[in-house]
Amino acid sequence: MHPTALLIVDVQNDFCPGGALAVPEGDQVIPPLNRAAAWVAQRGGLVVASRDWHPRNTRHFKEFGGLWQVHCVQGTSGAAFHPDLRLPDSAIVVSKGTGTEDDGYSAFEGHTDDGRTLHEVLQAHGIRRLLVGGLATDYCVRASVLDALKHGYEVVVLTDAIRGVNLQPDDSARALQEMQAHGARLVPTDDSLRDDN
Ligand code: VGL
Ligand code: ZN
């Protein structure tokens, strides 16, 4: 068995119902992700949580030429992880979108507080396989999964633990097809949490 890590993408207040950039049903990813995090942690595996962590004046935001209303500004309550998300104490946090010029959609563009990239963290733990869930299917999950595949990781997308923005109605469906076409497996969370899977 190759060591597995769980990557929880951007389960933050601003992406959940009531937040500044709420993803429809965004909070519904939390129960399966809590089960996955407990399962991985119990086996000594690694849990990584990425967070969108923008400066107020980033070009990612509409008022500075970008696509999005203000969300996940560094240090605000909207940028905090959703209170129902249960991260093990050992979880590693990766912050992304921290510059003023970039969107930072992929967790592989982010850094830990001590300056390591996600790839460096995963390599240090000998991780070969990633379970991925979170928000949003058509942006940060998509970008993170495609980057993981480029880095050579085996990737399992947790199909019931993702939700999309869908600026166009079929964006999430297309993103899933794209991830699959690049080699990701699409598996419901509870089927992925088996020692033979
Ligand atoms: C995201 C839109 C803008 C995401 C981040 O986490 O998927 N989407 N910023
Ligand atoms: Zn963002």
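**Exercise 1. A residue after helix H3**

Which residue just after H3 takes a positive phi?

*Solution.* The structure is a predicted model, and every value below is computed from it. Step 1: locate helix H3, which covers residues 137–150. Step 2: inspect the backbone just after H3, where glycine 152 has a positive phi of about 95°.

**Exercise 2. The surroundings of helix H3**

Determine how many residues of H3 are buried, and which elements they pack against.

*Solution.* Step 1: count the covered positions; twelve of the 14 residues of H3 are buried, so the helix is mostly covered, given that buried means under 20% relative accessible area. Step 2: name some of them; among them are Tyr139, Cys140, Val141, Val145 and Leu149. Step 3: list the partners of the buried residues, which are S1, S3, strand S4 (129–135), strand S5 (154–163) and helix H4 (171–181).

**Exercise 3. The nonpolar core**

State how many residues the largest nonpolar core has, and describe the contacts of valine 145.

*Solution.* Step 1: the largest nonpolar core has 60 residues. Helix H3 gives the most to this core, namely seven residues. Step 2: Val145 is listed with Leu6, Ile8, Leu33, Leu122, Leu130 and Val155 as having the most contacts inside the core. Step 3: when neighbours within four places in sequence are set aside, valine 145 is in contact with Val132, Val155, Val157, Met179 and Ala184.

**Exercise 4. Cysteines and disulfides**

Find the number of disulfides, and examine cysteine 16 and cysteine 72.

*Solution.* Step 1: recall that a disulfide is a covalent bond between the sulfur atoms of two cysteines. Step 2: apply the cut-off, which requires the two sulfur atoms to lie within 2.5 Å. The count is zero disulfides. Step 3: for cysteine 16, the nearest cysteine sulfur belongs to cysteine 72 and is 9.3 Å away, so cysteine 16 is in no disulfide. Step 4: for cysteine 72, the nearest cysteine sulfur is that of cysteine 140, 8.8 Å away, and cysteine 72 is in no disulfide either. Step 5: consider accessibility; cysteine 16 is buried at 1% relative accessible area, and cysteine 72 is buried at 0%.

**Exercise 5. The zinc ion**

Identify the protein donors of the zinc ion (ligand 2) and their spacing in sequence.

*Solution.* Step 1: the donors are Asp52 (OD), His54 (NE2), His60 (NE2) and His71 (NE2), at 2.1 to 2.2 Å from the ion. Step 2: the donor residues are spaced D-x1-H-x5-H-x10-H. Step 3: histidine 54 and histidine 71 both belong to the loop between strand S2 (46–52) and strand S3 (92–96), and they stand 17 residues apart. Step 4: histidine 54 is buried, with 0% relative accessible area, and histidine 71 is buried, with 2%.

**Exercise 6. Ligand 1**

Describe the polar atoms of the protein that lie close to atoms of ligand 1.

*Solution.* Step 1: list the surroundings of ligand 1, which include Asp10, Phe15, Trp68, His71, Tyr139 and Cys140. Step 2: a side-chain N or O atom of aspartate 10 is 2.6 Å from an oxygen atom of ligand 1. Step 3: a side-chain N or O atom of histidine 71 is 3.1 Å from a nitrogen atom of ligand 1. Step 4: cysteine 140 takes part through its backbone, with an N or O atom 3.0 Å from an oxygen atom of ligand 1.

Conventions: Residues numbered from 1 in each chain as written. Chains lettered and ligands numbered in written order. Predicted model: local features only at pLDDT ≥ 70, side-chain atom pairs only at ≥ 80, totals over all residues. Heavy atoms only, no water. Core = buried A, V, L, I, M, F, W, Y, C linked by side-chain atoms within 4.5 Å. Buried < 20%, exposed > 50% of the residue type's maximum accessible area, 1.4 Å probe, protein only. Helix = DSSP H or I, 4+ residues; strand = E, 2+ residues; numbered from the N terminus. Contact = heavy atoms within 4.5 Å. Donors = N, O, S within 2.8 Å, 3.2 Å for Na, K, Ca; no water. Near = heavy atom within 4 Å. Polar contact = N/O pair within 3.5 Å; in protein donor to acceptor, adjacent residues only side chain to side chain.
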